[in-house]
Amino acid sequence: MLYLHIALSFILFLHLVEGNFYFTNSLGLQQLSEREELPVGTFIVQALTNQLAVDSFEISLDAATYFAINNTGHISIKQRIDREALISRTITGTITAKKSTASPNTVTATFRCVITDINDNVPSFPKRLYEVSTSEATSVGVLIFSQSAVDGDATLNSNLQYSIVSGNDGGKFAIDGTGKVSISSKLDYEQQIEYTLNITVRDQPGLSNWTILVVNIADQDDLPAKFTAFNYLGSVAEDATLVSIKTSLNMISNPSLKYQFSNLV
Ligand SMILES: [Ca+2]
Ligand SMILES: [Ca+2]
Ligand SMILES: [Ca+2]
Ligand SMILES: [Ca+2]
């Protein structure tokens with residue numbers, strides 16, 4: 001019985017400690033959570049055994065890219081962890097403690113570290129300048145522009161809001177929660193032929209960006225022809241056979257008009 005007791009006392013146990021928190025499932029899968037972009041060297045978690053000192057700790061190759069472990073079991077950031085560059089958003093690995101005088105002389109613990117998001121990506125549009133054209137006859141509510149911004153972060157850090165901050169003279173346009181711009185009030189070519197809309201996009205924590213949308217208004221033949229004066233005066237010699245009256249009949253609106261005399265006296 002004495003021999004059995006001594007043998008058991010040398011069995012290695014391993015668990016991970018984060019601050020003062022001891023994982024209860026010490027021999028199962030250890031769940032960790034750390035945010036991305038921590039400085040290299042930042043302490044993450046400590047691997048502890050049931051014996052005061054072990055000969056060495058090792059961390060498996062898949063996790064060793066990002067984490068380092070020293071002889072006291074302290075695990076720290078070895079290389080920048082960019083959540084947006086990780087396919088699975090998690091890093092898994094195995095820690096091995098070795099002690100030559102123990103039996104068995106190695107023990108392992110597997111961990112999965114979920115990399116959480118920080119707001120390190122500014123939303124952006126693919127281009128700084130867009131240009132569209134629409135007729136002044138286009139109905140209210142019709143969509144004229146659809147280009148969302150992109151933001152590589154997660155959840156609220158990529159929850160985007162759009163607004164037209166300038167150039168929306170007369171409130172002619174509206175923008176929705178996905179960046180789509182539509183006509184919100186009747187357009188009038190004769191009133192304004194171009195709008196330069198400054199559109200901003202903002203993620204929930206407040207990082208923002210912008211783009212410019214130029215809207216060209218195309219004319220429609222929606223007005224009757226109209227002379228600019230009520231009377232026009234010209235002169236002609238009484239014996240003239242071919243007459244050119246040097247008075248232009250200025251019109252407003254439609255440039256392709258046909259003229260004819262009527263009610264000659
Ligand atoms: Ca990042
Ligand atoms: Ca963001
Ligand atoms: Ca991020
Ligand atoms: Ca018109």
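Two strands are taken to pair if DSSP finds at least two bridges between them. On that basis, the sheets of this predicted model can be described strand by strand. The protein has 2 helices and 18 strands. Buried residues make up 17% of its 265 residues. Among contacts with a separation of 6 or more, 69% join residues 24 or more positions apart.

One open sheet holds 4 strands. Their order is S10-S16-S15-S12, and the pairing is mixed. Strand S10 (129–135) and strand S12 (160–166) stand at the edges. Each has a single partner strand, so one side of each is left without a neighbour in the sheet. From one strand to the next, the twist averages 30°.

The pairings within this sheet were examined in turn. At one edge, S12 pairs with strand S15 (residues 194–203) in the antiparallel sense, over 6 bridges. Here isoleucine 164 stands opposite isoleucine 199 of S15. S15 in turn pairs with S16, again in the antiparallel sense, over 9 bridges. Within S16, valine 214 stands opposite threonine 196. S15 and S16 form a hairpin with 4 residues between the strands. In this hairpin, glycine 206 takes a positive phi near 120°. At the other edge, S10 pairs with strand S16 (residues 208–218) in the parallel sense. This pairing runs over 7 bridges. Serine 133 has asparagine 216, in S16, as its bridge partner. The parallel pairing of S10 with S16 and the antiparallel pairing of S15 with S16 both belong to the sheet described above as mixed.

A second open sheet is formed by 3 strands, in the order S11-S14-S13. Its pairing is antiparallel. Strand S11 (143–146) and strand S13 (173–175) stand at its edges. Each of these has a single partner strand, so one side of each lacks a neighbour in the sheet. Neighbouring strands of this sheet are turned by 20° against each other on average, direction ignored. S13 and strand S14 (residues 180–183) run antiparallel and are joined by 3 bridges. Isoleucine 175 has valine 181, in S14, as its bridge partner.

Nonpolar residues were then considered. In soluble globular proteins, nonpolar side chains tend to be buried together. The largest nonpolar core has 19 residues. Of these, Ala47, Phe57, Phe67, Ile69, Ile75 and Ile95 touch the most other members. At least two residues of this core come from each of S4, strand S5 (56–59), strand S6 (67–69), strand S8 (90–98) and strand S9 (106–116). S9 gives the most, with 5 residues. Another core lies apart from this one and has 9 residues. Among them are Ile175, Leu197, Val215 and Ile217. Of these, Ile175 is the residue whose bridge partner is valine 181 in S14.

Alanine 47 illustrates the larger core at the level of a single residue. This alanine lies in strand S4 (residues 43–49). Around alanine 47, 24 other C-beta atoms lie within 10 Å. The cut-off for a buried residue is 20 or more, so alanine 47 counts as buried. Its C-alpha atom is separated by 4.6 Å from that of glycine 73. The two residues are 26 residues apart along the chain.

Terms used:
Residues numbered from 1 in each chain as written. Chains lettered and ligands numbered in written order. Predicted model: local features only at pLDDT ≥ 70, side-chain atom pairs only at ≥ 80, totals over all residues. Axes fitted to C-alpha atoms, helices over the stretch in contact; angles between N-to-C directions. Buried ≥ 20, exposed ≤ 12 C-beta atoms within 10 Å, placed from the backbone. Core = buried A, V, L, I, M, F, W, Y, C linked by C-beta atoms within 7 Å. Contact = placed C-beta atoms within 7 Å.
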